[in-house]
Amino acid sequence: MKLPVIKHLTNFIEQNDQDYILETIETLEALTEVPSLKDEELDVIGELISNLYGAVEVDKMIKDGTPKKEALNIFMKRVLGSIDQ
């Protein structure tokens with residue numbers, strides 16, 4: 001996951017609507033079923049999906065009252081914590 005990408009997507013959600021992100025996730029998940037995709041291509045799609053889900057999580061925290069910068073930091077700490085374990 002890339003914090004700059006998640007931050008950019010969070011800004012996109014604020015300016016537009018979360019539904020665009022959710023529909024993009026659905027589209028990318030459907031693409032993973034294409035049998036001719038190479039592992040590298042699946043890795044890229046997986047990374048995009050992860051970043052999109054990350055932005056949705058951060059947006060949820062913001063809507064629950066957490067300041068944006070703090071929400072981004074909390075999310076990344078949670079991600080890094082799960083990687084370390």
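**Notebook: burial, helices and surface charge**

I began with α3 and listed its buried residues: Ile45, Ile49, Asn51, Leu52, Gly54, Ala55, Val56, Val58, Asp59 and Met61. I note that the model is a predicted one. The list holds nonpolar names such as Ile45 and Leu52, and it also includes Asn51 and Asp59. I recall that an α-helix has 3.6 residues a turn, so residues three or four places apart point the same way.

I next checked the length of α3. Its 25 residues should span 36 Å at 1.5 Å a residue, and I found the end C-alpha atoms 36 Å apart, which agrees. I then looked at what comes after α3 and recorded Gly65, with a positive phi near 110°.

I turned to the protein as a whole. I counted 4 helices and 0 strands, and I read the order from the N terminus as α-α-α-α. The C-alpha trace spans about 45 × 35 × 15 Å along its principal axes. Of the 85 residues, 26% count as buried.

I then examined charge on the surface. Which residues gather in a patch of negative charge? I entered Asp17, Asp19, Glu23, Glu26, Glu29 and Glu33. I followed one of them, Glu33, further and placed it in the loop between α2 (18-31) and α3 (39-63). Is Glu33 buried or exposed? I recorded Glu33 as exposed, because its relative accessible area is 65% and the cut-off for exposed is over 50%.

Notes
Residues numbered from 1 in each chain as written. Predicted model: local features only at pLDDT ≥ 70, side-chain atom pairs only at ≥ 80, totals over all residues. Heavy atoms only, no water. Patch = residues over 30% accessible without salt bridge, like charges linked within 9 Å, V, L, I, M, F, W, Y side chains within 5 Å. Areas by Shrake-Rupley, 256 points an atom, 1.4 Å probe, with all protein chains shown as cover. Salt bridge = Lys/Arg side-chain N within 4 Å of Asp/Glu carboxyl O. Lys, Arg positive; Asp, Glu negative; His and termini not counted. Charge placed at Lys NZ, Arg CZ, Asp CG, Glu CD. Helix = DSSP H or I, 4+ residues; strand = E, 2+ residues; numbered from the N terminus. Buried < 20%, exposed > 50% of the residue type's maximum accessible area, 1.4 Å probe, protein only. Expected span 1.5 Å × (residues − 1).
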